[in-house]
Structures are given as C-alpha cells and as structure tokens.
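Trainee: Please give me a close look at one part of this model, namely its salt bridges and how their residues are placed. A single connected account would serve me best.

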Amino acid sequence: MKNGYFQLVCSNNGTALKVFLPQEGGTAVGTKEVMEYLNRLGIKYDLHMLNKGMIDSLNSKTGEYFFALNADFNTEVRESYTLFVSQDHMQVSARFYPPSAYGERITMQEFLGDLAFKNIKFGIQTEALAQFFKEPQYCTNITVAKGKEPRHGTDAKIEYYFETDLSAKPALNEDGSVDFFHLNTVSHCKKGDVLARLFPEDPGEYGRSVFDEKIKPRDVKRCILRGDRNTILSEDKQVLTAGVDGHVTLVEDKVFVSDVLEVENVDNSTGNIDYEGSVKINGNVCTNFSVKAKGNIEVSGVVEGAYLEAGGNITIARGMNGMIKGTLKAEGNIIAKYIENAKVKAGGYVSTESILHSEVMAGSEIQVTSKKGFITGGRVCATNLIQVKNLGSPMGADTIVEVGADPEVKIELQQLQKQIAEDKKTIDSVHPILTSMALKLSQGVKFKPEQVKYFQEMLQTENQKKKELEECTQKVQSLQAILDESANARIEVTGEVFAGTRICIADVSMIVKSSMKYCRFTKTQGDVKMSAL
C-alpha cells in the first residue's frame, strides 16, 4: 500500500504541481493538505485552478498528473516534513513531503538532529527512519519515536497459616444448655511452625516519554510482617515462625504466640493482671480486681465486680455478677453462663444463658437461647441480631433491645455522597480547560504570566478534588459495608416477649403493648414490624 503524494516543479516559466496517485489501496492526497503545504512555503496559487487540477488528477490513467500553479519563478524546494507529538508524549510521527523536481533531500542525520533539538530523545525508531530515507513514502505518517509504557507492579500481601477469624460459637448440649468448655476458638501451634509469609510488593518499572521524562507506575501497597513475643522473623523478614509451643493469635495485624498465663484465682494473692498473651483462671475473679490480656481470657469460675479486658475472646464458665461496677470488654467474642448487673462490650458476638439488669453491646449478635434464656432489664444492643428465649419481664422491668446501624452512619453516608457528586462536577468542568491548555503548550503556544497562573490554579484544584474524591469514596465503601451488614437486622424471640419492652431497630422503635410468643421483629417500610417465627 502506498499513499498518493505531490511534488513541486519549479522553472523559469513558473511553478507547477505534479500529483502522484495512490497505489495498492493507498490514500489519495487531499486538496487541503496541498493548500497547507503551499501556504507554508508562501507559493501563490489560484484556488479554483488548484481544485480543478486535484479533481482532474484523480482521472489520470498514467498515475500522474501535471498542472500549473503560477507563472512566478520559484527556487527549488528542499524535502520537508511536519511533526506530530501525541498528547501523552508517548509517540511522535512525521509526515514527509518530497523536494521539488531538482530540490535537495534531507539526510537522516539532519532529521535526527532536528529531533534532538526538539528534545525528542527516547525511543527513536532508527530502522523505520533508515527505511524511509532509503525508500521514501511521502504524505504518509511514519512513527519516528515511541515512548515506553510503565510496567505496573503488584501489592504486597501476607498469607497467614492459622485461623485468623476466631468466630466459632459454643455448641448447645442436648438439654439446651451451652457448652462453654469446647469452643474451638484457639489456633494451636508447635515450635518451628510457619505462621505467616510475606510476599513483597513489586514496585514495577518506570516508563519513558519520547522527551525522556520518567513515567511513574501506579503506587503499590507495602506490607510489613509483624510478630510479637514467642515468634521468630527470618533474616529477610518474609517468614514468621513460632518460637514456642502454644497458640497463635492475630491482633491488629501483629502475630503473637502465647504459652498462657495460668492462675487459680485473681485475688490478693495475685493482684491485678496485665498480660501480653492469654490468661487462664481456674477459679474466680474477685471484686475490684482487673485482668487485662492481649489474647483471650478464660475463667473457669465466676467473675464478681471486676474489670476484664481482652484483645481476643472472654469466656466465663460460671457467669458474671457485676454488682453494678463489673465490666467485660473484648475485641472478639464474650461467652458467659450468665450476665448480671454488668457492663459488657464485645467486638464480635455475645453468648449467654441470661442477661439481667445489664448494659450489653455486641459488634455482630447476641444469643440468649438456652432453655430458660432471658433478657430482663437494662439495655442490650447488637448490629445484626438479638436472639433470645424470653424478653422483658412480667413485672415491668425497663428492658430495651436494639439492633441495626447507628442513624448517624446514614447521615454521614449521605453527606459523603453529596460531596462526591460535587467533586466530580468540579473535575469535569476543570479537565477540558487543562486538556486544551496542555495541547497548546505542546504545540509551542506562549502564554501570558496570568494565563500560566490560571493554569496552575486549575491543575491544583483538579489534584485536590481527585484526592478528596478518593478519600470520600473509601469512606463511603466503609460505611456502606456497615449498612449492608445491618440491612437484615432483627430480633428473634423463641419464647415470649412481655409488654413494656422497647424494641429499637436502626432509627425506629416501638413499645410492645401486649405479650407475644414466637415472633420476629424487623424494620419494614420505616416501622418496626412483628412477624411469626
């Protein structure tokens, strides 16, 4: 395939144009391109005669057509070209025009010198240029330089070789009681076991524009493999192994192995306990003492008016009488035989046989489902589900149960969505201005100082709005996840709910007017609705 082209013929009798028709399916030269060429050289022509000559040339049977442009004398014209640089500076193409019949050709070295003068340094297509200067093809775009696209890398990741989601729930015995002794919430390990492995990030490779500008690959996420006591990190910091026999826990992206602190009772003989691993108490925790552990806390006896805080789970086999001042706080789950006169907060679920006059909050759900399971008095809150045998009291004790996301989450989500829409609108209005000015800059247009300042302000605005948009989008995703989790929030009563109990679901509530059995409470069409189980 070979495009059509044209050539000047200069003589003492005037200037003429010789048109060569395309071959093998090439494209014919257009009148507009010829006009631009003649105007660029300052050669006079009659537009009507030029149009007629170009049209007549299409009917030439010899593949060539010759017609006069003017009667003026013109000196011979050298071979010339126009250069096109892509907006992203990743490609440069040239379109060559032949010299006049006796004009001089450009040398390859001269053309390469022109590119260097224009700071086009990278990705010069020397083979394509050598081929052109050997066998020229005019009025055809030839790629003379190509940039190198950046190679984007991959994020780092960590693989954990133990159970990181310790959300196992206690099993129910045949008699309906909860088995608090076989929970399977501990990931055991042996000394030398590989606990985690880091697969480092691949930063990728910089690209290059035709002007030899660096083009940065996308940012990648880095990870650090972090271990605590009783773990061993390899020299290359990519493999973490257990230093002792015990159990392994992941707390705030840090892996630690504990061999467990075991005591009989927490009382005057031990004082308060603040331990890096897990704590096992074979007896009781007495009033006014505290137990803090970064792992799990397991109590075989009872907890009185004490303070327990765990980075993992809290298990109390015989329950807790908080005496109003007792507190349980766990990042994971809380499991107790009973909870009475206490404040309880769990990041995961709460499982017990009864809750009496207590303030209980759970990140996921609360289950009080034994044979006599009841919630009486106090305030009990969960994000997704509260499941209970009997709810409230026939004696009229104030009982409040709540499920669903905080209404403030919805308000914040709406505000963020509005902000995202405004940011997108601003970016859409600024981007065409920046694109237009950047194109003019690439074409060598000179701007006034106030125009440059305006361009810089627009660029700063776009970058700022893009950053805000990214931050808002991440927050929206986080809040939406909270709402999605609580979309099906419900309260299930497998026995009886007594009159006077307040039911709250998200931002709506109701007070039970009369006792009901075997029912489910959900939010439907903006109200709390009751349905049969």
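Mentor: The account below follows the salt bridges one pair at a time and ends with a strand that borders on them in the discussion.

The model is predicted, so local features require pLDDT of at least 70 and side-chain atom pairs pLDDT 80 or more, whereas totals for chains, interfaces and linings use all residues. Residues are numbered from 1 along each chain as its sequence is written, and side-chain values use heavy atoms, without hydrogens or water.

The structure holds 21 salt bridges (a side-chain nitrogen of Lys or Arg within 4 Å of a carboxyl oxygen of Asp or Glu). One of them joins the side chains of Arg151 and Asp202, with N and O at 2.8 Å. Arg151 belongs to the loop between strand S6 (141-146) and strand S7 (157-160), while Asp202 belongs to the loop between S9 and strand S10 (207-208), so this pair ties together parts that are 51 residues apart in sequence. (Strands are DSSP runs of E with at least two residues, numbered from the N terminus.) Arg151 counts as partly exposed because its relative accessibility is 37% (buried is under 20% relative accessible area, exposed over 50%, partly exposed in between, with a 1.4 Å probe and protein chains only). Asp202 is likewise partly exposed, at 24%. The two residues also belong to a wider arrangement, since Lys148, Arg151, Asp202 and Glu205 are linked in a network of salt bridges.

The loop between S9 and S10 takes part in a further contact. Glu201 lies there, and its side chain meets that of Arg222 in a salt bridge with an N to O distance of 3.4 Å. Arg222 sits in the loop between strand S11 (214-215) and strand S12 (226-227), and the pair therefore ties together parts that are 21 residues apart in sequence. Glu201 is partly exposed, with a relative accessible area of 25%, whereas Arg222 reaches 63% and so counts as exposed.

Another pair is Lys216 and Asp219, whose closest N and O atoms are 3.0 Å apart in their salt bridge. Both of these residues are exposed.

Finally, strand S9 itself spans residues 194-199 and includes Phe199. Phe199 counts as partly exposed because its relative accessibility is 33%.

How values were computed:
Helices (H or I, at least four residues) and strands (E, at least two) are DSSP runs, numbered from the N terminus.
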